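Please walk through this structure with me, from its annotated regions to its core and its cysteines.

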Amino acid sequence: MDFTLTDEQTMLRDAVRSYLAGRYPLVESRSAARSEAGWQPAVWEAFASELGILAATLPESVGGLGGGPEEMMVIAEELGGALVVEPYVGTAVVGTALLRGAGGPAADAVLSAIAAGGARIAFALTEPGSGREPWDVGATAARDGDDYVLSGAKIVVADLPLATHLIVAARTAGDRLDRDGLSLFLLEFDPQAPPAGIDARYFRTIDDHHTGDLELADVRVPARALLGTEGRAWEVIDRALDDGAAAVCCEAVGIMRRVVAETVEYAKQRKQFGVPIGSFQALQHRMVDMSLELEQSVAASYLAVLNLDAEPYVRRRAVSAAKITIARAARFVGQNAVQLHGGMGMTEELAIGHCFKRLTAIETEFGSATDHLHRYAEVTAD
């Protein structure tokens, strides 16, 4: 199997890397993430107009460039290395997977807006009291004439304060733990003035990303808000979550590449007892172990990405294996980088502490290592 990037993919990587190196400095990006806005709209516009990365994996029929999972991998890794907080994964990966999987004119219109930089997606799935199974959904959507009425609560809705559109998973049939009976609904959303019946509360996570909780109290939406076939959304959701998990695995690889490189460089410069600490054999061994974890993570991310279009059981097995591997590596690399930097490792001035926080968050995004270990066991037992 050839893991070499094509010329086009190499150009894409170099273009994203060059842009971020020149226009995404750590201090400014952290300040923007902690501001009231929470992000840099000009950067998002550049992602669409200058770099084209929001359209990279979309079909040409909606204004995309016709790329696939490999292009997503290249982009996510570069964005990870720069600690980008703009909602690429939530919109250009998970959001587009949901819209493409559901299909229909309304979905295509939003996909075109995503490609142009005019739409950002927040996916409301997880609920208070949800268990390990992502299909554990109790929010309901009851048919009432020509409308649906949505009721329920959602928590930790990624990118909610930045969204222009909200995709809500709600149950139109079945019991809470049934995979059948789930439906998706597309709502226009203004974080400053949510639709009637929606109470939104926003907060910033430890890695400077933005999320929120929702309460839906008899929210009336027209029937055209339904995405895809009523009650048949689980397969669409399952694929979108795997796409998201693969994307954050690639993001973690980009972060770990930066962490390992900056730790090695720091060890060459920092002196103790009159010599660089990188000359100490024990610390050399530690950095070699970090490099080995990184290389295993690279291989695991390739496994996930190259199997996203495979049969569902193959895809699930590959993504879960990658998530388990990278969750372990992220913790090992992050913790050791902080230790090797000493007190400097957690300062605001260095990227290491910010990288460690983001790696810690990625450990549980789209399912923890324990969740994926259970799923891997289920898939391989079938």
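UniProt, in an unreviewed entry, assigns residues 234-368 to "domain: Acyl-CoA dehydrogenase/oxidase C-terminal". The model shown here is predicted. Over residues 234-368 the chain is 76% helix and 3% strand. The C-alpha atoms at the two ends of that stretch lie 20 Å apart.

The record also covers an earlier part of the chain. Residues 6-100 carry the UniProt feature "domain: Acyl-CoA dehydrogenase/oxidase N-terminal", again from an unreviewed entry. Here the chain is 65% helix and 0% strand. The end C-alpha atoms of residues 6-100 are 25 Å apart.

Now turn to the core. In soluble globular proteins, nonpolar side chains tend to be buried together. In this model the largest nonpolar core has 125 residues. Helix α7, residues 234-269, supplies the largest share of this core, with 19 residues. Which residues have the most contacts inside the core? They are F47, F123, L166, L184 and I237.

Take I237 as a way in. Setting aside neighbours within four places in sequence, I237 is in contact with L98, F123, L125, A169, L182 and L184. Two of these partners, F123 and L184, are themselves among the residues with the most contacts inside the core.

Next, look at a residue with a polar side chain, T96. It is found in helix α5, which spans residues 88-102. Is T96 buried or exposed? T96 is buried, because its relative accessible area is 5%, below the 20% cut-off. Its side chain still finds a polar partner: it reaches the backbone oxygen of A92 at 2.8 Å. Beyond neighbours within four places in sequence, T96 is in contact with L58, T91, L111 and I114.

Finally, check the cysteines. How many disulfides does a search of the whole structure find? The search finds zero. C249 is in no disulfide, and its nearest cysteine sulfur, that of C250, is 6.8 Å away. C250 is likewise in no disulfide, with the sulfur of C249 as its nearest, at 6.8 Å. A disulfide here needs the two sulfur atoms within 2.5 Å, so this pair does not count as one. What is the relative accessible area of C249? It is 1%, so C249 is buried. C250 also counts as buried, at 1% relative accessibility.

Conventions
Residues numbered from 1 in each chain as written. Predicted model: local features only at pLDDT ≥ 70, side-chain atom pairs only at ≥ 80, totals over all residues. Heavy atoms only, no water. UniProt positions renumbered as here; feature names shortened; annotations may be inferred. Helix = DSSP H or I, 4+ residues; strand = E, 2+ residues; numbered from the N terminus. Buried < 20%, exposed > 50% of the residue type's maximum accessible area, 1.4 Å probe, protein only. Polar contact = N/O pair within 3.5 Å; in protein donor to acceptor, adjacent residues only side chain to side chain. Contact = heavy atoms within 4.5 Å. Core = buried A, V, L, I, M, F, W, Y, C linked by side-chain atoms within 4.5 Å.
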